[in-house]
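These are my notes on the model, set out as numbered points. They take up the contacts between chains, the charged pairs and the enclosed spaces.

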Amino acid sequence: MIEILLIVCAPLIGGLIYGLERKMRARMQNRQGPPLLQPFYDMWKLIDKQAFIINPYHTILGMMHFISLWMVVAFIILGENLLYVIFLHLLSSIFLILAGFSVKSIYSHIGSNRELLAILAYEPILIMLGVGFFILNGSFDISVIRENSPALASLFLLFLAFLMLIPIKLKKSPFDASEAHQEIVGGVEIEFSGVFFEFLYMAKWLEYIFIYLLLMLFAGDNILLGTGLFAIVFFLVNLVDNATARIKMSHLLKIVLGIGLTLGMCNLIGLSYV
Amino acid sequence: MSIYSTLIAAPLLFAVLVFVGTRRVRDVLSAIFIVILGALSLSNIFSFNAPLEMSLPETFHVLFILIDVAVLAYFLWQGALLKHAYVIFFALVQILLYGAVMFLSPSIVSGDIFVDDISAVMLLVINIVGGIIIVYALEYIENEEFTSLKKNGFIAMLFFFLAVMNFIVCTNNIEIFFLLFELTTLCSYILIAYRGDALSRKNALQALWMNQIGGIAILAALIFSILQYDTVYFDVLIANSNPLYLLPIVLLAIAAFVKGASIPFDKWLLGAMVAPTPVSAILHSATMVKIAPYLMLKLAPAMSGFVSLTITLIGTFVFFSASLLALSKDYFKEILGLSTIALLGLMMALAAIGTPEAVTACLVLIVFHAISKALLFLQAGILEKNFHLKYVDDINGLVNHAPLVVFFIVIGFASLTLPPFGAFIAKFMAIESIAGEIIHNPLYAFALIFLALGSVFLTLLYFKVVTKLFAKDADVKSRHVEISKFYTIPSFLLVFLLLIGMYISFERAFLSSLEIVVPLVLIALIPALFSLLLFKKAHRVKEYNCGEKDDIQLSMYYFHMPRRVQITLTILATLGMWILLLGTIV
Amino acid sequence: MFNLKKYRKKSPWILHYNAGSCNGCDIEILASLAPKYDLERFGVVNTGNPKQSDIFLVTGPVTLRSRERLVELYMQMPEPKVVVAVGSCSCTGGVFRDMYNVEDGVDRYIPVDVYIPGCAVSPELIIDGLVQGLEILEQKTKEMEKPLKLFKESTCEEGIVNRRDTALKVGKIDEKN
């Protein structure tokens with residue numbers, strides 16, 4: 001029952017996290033920042049706006065992105081197969097990319113393009129993460145991973161690699177070239193407006209939930225450790241976001257693939273020796 | 001037994017019958033034959049209970065030797081006629097080695113025919129997918145400008161190919177296997193050179209000499225097998241195999257790499273693009289290249305740790321590098337070809353791992369790859385015939401003109417990568433089985449990295465193409481191009497097969513129904529509901545171009561692949577093969 | 001059913017367009033978004049995308065070259081929307097008034113809701129103007145608002161309003177009067 005409740009509330013919790021993050025970033029810059037519930041105000045306002053569409057495919061694909069992402073979060077909460085969750089997440093990203101390519105807009109195309117490259121950077125690491133958990137627990141099932149003791153120590157290098165991909169997924173500096181706010185006007189999301197943009201906006205909140213739920217897996221059955229991890233990583237990601245500049249997509253690929261794959265590889269080889 | 005002899009004899013018979021009568025008679029007869037073949041292979045897999053083993057009479061063996069000599073002589077003649085040094089050289093080597101094999105007389109005998117469940121699955125793929133492609137070819141070849149004799153010859157060749165393939169997955173005798181291997185080489189040579197222009201000839205000869213390397217490898221394997229194990233039968237060889245003396249097995253595996261067009265032998269499959277599209281379709285999906293994973297599956301039980309690991313690493317490396325190379329390509333068929341090479345590498349890697357899970361994954365991949373690739377190649381043919389499109393960059397906004405073709409292409413690509421289609425499940429199981437191996441041997445972690453990177457590259461590749469199709473002008477009323485029913489019906493059949501496959505894959509409970517059905521339903525339904533409610537109220541508006549009003553043209557993006565990358569990948573793959581060979585000898 | 005309208009003023013997203021300004025006002029707009037004046041505490045986001053914004057901040061006297069884009073951007077903003085003319089130039093033409101290459105102010109082309117004078121405008125004034133604009137935003141309806149010039153009536157097919165090519169391109173006939 002609690003799972004159903006969590007699944008239904010997932011976008012709301014994501015919105016709260018997003019609000020908290022905006023507040024926190026503002027405090028780090030020594031300003032007051034928007035209210036905590038700002039994302040929800042945005043949401044109501046977007047529903048109230050006149051809706052525009054370019055073509056039906058574009059809009060429907062955007063909605064499919066949101067729904068499949070919600071599905072991903074639901075499956076993590078229900079404790080389904082981790083590998084399946086990762087691939088379903090890939091599917092949801094693909095929907096977004098197809099949406100971006102389905103309109104004749106330069107920025108949208110560039111954004112989708114960069115999104116594809118970002119997938120190239122983080123997807124192998126996610127798969128390795130899944131395999132790391134499999135070697136440790138003998139199963140891909142998230143419910144099994146949650147029942148076992150914390151994997152943080154044994155998967156520490158993979159944990160570091162995972163930290164690198166959080167900014168990519170959450171569109172944070174230095175790895176936010178795929179959205180690149182003013183540079184390519186938000187990339188994929190540029191042609192969405194009104195209530196249809198709302199779906200993408202909420203999908204962004206769900207992305208927070210997805211990433212932080214994956215992060216919590218490192219804590220296994222230790223809820224206290226999980227909360228601690230969440231708090232520390234949340235702070236760290238925002239600190240890095242405030243302190244770094246955006247880097248180019250090719251650098252992103254080199255850095256994330258180079259360092260991430262090496263770390264993951266060392267960890268997997270180490271695991272099989274232990 | 002009668003099923004198998006019919007499966008082999010019927011296409012042979014029809015290959016002769018095709019020359020009799022008018023086009024209409026030919027088409028009706030072909031359709032009937034294909035239905036019969038499909039039904040037979042289906043009934044075979046349903047009634048399959050125990051492996052069947054039997055021998056062929058001595059007269060057959062004599063006949064086979066005669067055909068073998070004739071085929072090798074034909075190769076030599078072609079080489080001499082067209083003055084191609086490699087072809088002559090390899091044909092001579094083969095004739096010498098074949099003579100040597102004839103002089104050796106092994107004493108341990110077994111059945112010539114051996115059909116197990118893997119063969120049954122292969123038969124299903126060959127006959128059903130191959131049959132559908134032939135139906136398509138009937139229409140396709142009519143749109144080419146050849147004499148009716150040559151057109152009939154084309155259909156006859158395709159049927160002959162099916163017969164050879166049906167035989168090759170049933171045989172247990174390596175000598176007969178060699179004969180059939182050479183016959184598929186012959187078929188592909190004739191089909192690739194079918195158009196008769198200079199480029200076709202050149203590519204056909206390339207396919208010929210590369211495949212002859214495979215033939216040499218098989219003959220060498222035969223000689224070593226006779227010397228060491230005193231047998232020419234797969235089952236005896238595999239049952240008695242000694243981990244310290246695996247040379248025959250490794251040589252056969254190298255023959256599989258050649259047939260599977262793994263890097264560095266990839267050139268011949270890419271060269272085969274010049275042939276009429278049904279040839280590519282049948283080479284890539286149902287026949288020829290599928291010999292490779294089949295042979296690996298057969299050999300897997302005999303492999304030692306070293307051999308299995310090396311083949312897995314080579315296979316996954318090929319998967320990785322072929323999909324990387326495909327990213328820089330523009331020619332639609334070439335993209336499909338490289339992705340075939342990549343997936344064949346993966347299939348061989350999975351077969352070499354040899355755990356029950358990996359074998360299932362390999363079989364699932366064989367089946368679904370065949371269906372998806374057939375579907376995609378049929379669309380490539382339609383694009384060429386009806387729209388005169390060959391390059392991905394030109395298919396801009398195809399959804400405006402041919403929504404059906406776009407639908408098929410999208411389904412084809414999606415079924416190779418995304419849940420909940422069969423090939424996805426195979427990839428899923430592949431990761432699971434490789435992950436299982438890492439526990440025993442950390443070197444499998446490299447295989448995992450290749451697999452992970454390769455599958456992401458492939459996704460990138462497929463959606464690079466798909467997105468090009470989707471670039472749609474807003475709400476434009478567009479002209480529709482009529483597409484012949486003979487083209488669309490085979491495609492629909494293939495999509496239908498994909499759907500059946502989906503049903504089967506969760507019948508076998510790889511994933512819970514919750515994981516497959518719920519996303520499908522929700523992803524399909526909810527947007528439809530919303531769109532019904534909201535689209536009427538929404539205003540149509542122009543794309544944002546910084547307020548500019550001029551029209552823009554958007555092109556495809558490419559990944560620049562320097563030549564040295566290509567060379568490095570080829571060298572690494574070749575090195576892998578040598579390590580495999582030398583490591584076994586040492 | 002609670003009133004959605006009250007959330008409009010809690011989340012104004014702005015689009016900033018420079019119609020030939022000297023960049024003085026633009027710097028001030030950015031300054032008011034930066035930490036010292038912190039416009040984000042009102043929920044302001046500088047989207048740079050007309051399709052997701054509510055408030056159109058225009059600076060500059062509208063040069064001839066920028067007219068088309070001004071109208072196009074205006075048409076691409078979904079209703080309800082508010083136009084704020086920032087700086088003397090965009091209010092009246094400022095020091096450029098009556099020059100051959102400028103139109104005298106934004107209100108020749110699109111209806112303006114709030115004028116913020118000043119050369120350059122101070123951030124305090126911008127904040128004040130924005131807050132005024134929010135009051136107006138709350139009262140507006142979702143009725144389509146039309147530019148004053150360079151505008152072709154939008155078509156409506158099967159109940160779907162098409163505003164694709166409603167903003168005209170400056171072509172053979174120059175519309176300056």
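1. A salt bridge here means a side-chain nitrogen of Lys or Arg within 4 Å of a carboxyl oxygen of Asp or Glu. Arg31(A) and Asp38(C) form such a pair, with their closest N and O atoms 3.0 Å apart. Note that the model is predicted, and every distance quoted below is computed from that model.

2. The pair Arg31(A) and Asp38(C) joins two chains, and the interface of chain C and chain A has six salt bridges by the rule. Of the residues on the side of chain C that touches chain A, 12 are charged, 10 are nonpolar and nine are polar. Polar contacts between chain C and chain A come to 19 residue pairs, counting those with both residues at pLDDT 80 or more.

3. As to extent, 31 residues of chain C contact 30 residues of chain A. Together chain C and chain A bury about 2700 Å², and carbon and sulfur atoms account for 52% of that area.

4. The interface of chain B with chain A should be described separately. Here 61 residues of chain B are in contact with 63 residues of chain A. The buried area is about 5900 Å², with 81% of it on carbon and sulfur atoms. The count of salt bridges between chain B and chain A is zero, and so is the count of residue pairs in polar contact, where both must be at pLDDT 80 or more.

5. Which elements of chain B supply at least two residues each to the side that touches chain A? They are the helices α18 (422–438), α19 (444–470) and α21 (513–534), together with the strand β3 (539–540). α19(B) gives the largest share, 15 residues. By class, this side of chain B has 44 nonpolar, eight polar and nine charged residues.

6. Over all chains, the salt-bridge rule gives a count of 22. One of the pairs lies inside chain A: Arg22(A) with Asp42(A), whose closest N and O atoms are 3.4 Å apart. Arg22(A) belongs to helix α1 (residues 2–28) and Asp42(A) to helix α2 (residues 38–48), so this salt bridge links parts of chain A that are 20 residues apart.

7. Turning to enclosed space, the structure has six cavities of 30 Å³ or more. The largest cavity holds about 200 Å³. Its lining consists of 16 residues, and those nearest the centre are His65(A), Leu96(A), Lys171(A), Glu189(A) and Glu207(A).

8. Where in chain A does the lining of the largest cavity come from? Helices α4 (82–101), α7 (156–170) and α8 (194–217) of chain A each supply at least two residues, and α8(A) has the largest share with four. The lining of the largest cavity comprises seven charged, five nonpolar and four polar residues.

9. The second largest cavity holds about 70 Å³. Residues of chain C line this cavity, including Cys22(C), Cys25(C), Cys89(C) and Cys119(C). Gly24(C), Gly60(C) and Gly87(C) are also among them, as are Ser21(C), Ser88(C), Val86(C) and Ala120(C). Helices α1 (24–33) and α3 (88–92) of chain C each contribute at least two lining residues.

10. How many residues lining the second largest cavity are charged? There are no charged residues in that lining, which divides into six nonpolar and five polar. In the lining of the largest cavity, by contrast, seven residues are charged.

Note on methods
Residues are numbered from 1 along each chain as its sequence is written. Chains are lettered from A and ligands numbered from 1 in the order in which they are written. Side-chain values use heavy atoms; hydrogens and water are left out. Contact means heavy atoms within 4.5 Å. Buried area is the accessible area (1.4 Å probe) that two parts lose on being put together, summed over both. A polar contact is a pair of N or O atoms within 3.5 Å; within protein, one must be able to donate a hydrogen and the other to accept it, and residues adjacent in sequence count only if both atoms are side-chain atoms. Ala, Val, Leu, Ile, Met, Phe, Trp, Tyr, Cys and Pro count as nonpolar, Asp, Glu, Lys and Arg as charged, and the others, Gly among them, as polar. On a 1 Å grid over the protein atoms alone, a cavity is a set of points where a 1.4 Å probe fits but cannot get out, and a pocket is an open set with protein on both sides within 12 Å along at least five of seven lines; lining residues have an atom within 4 Å of a point. Grid points are joined across faces, edges and corners, and a volume is the space filled by probe spheres set on the points.
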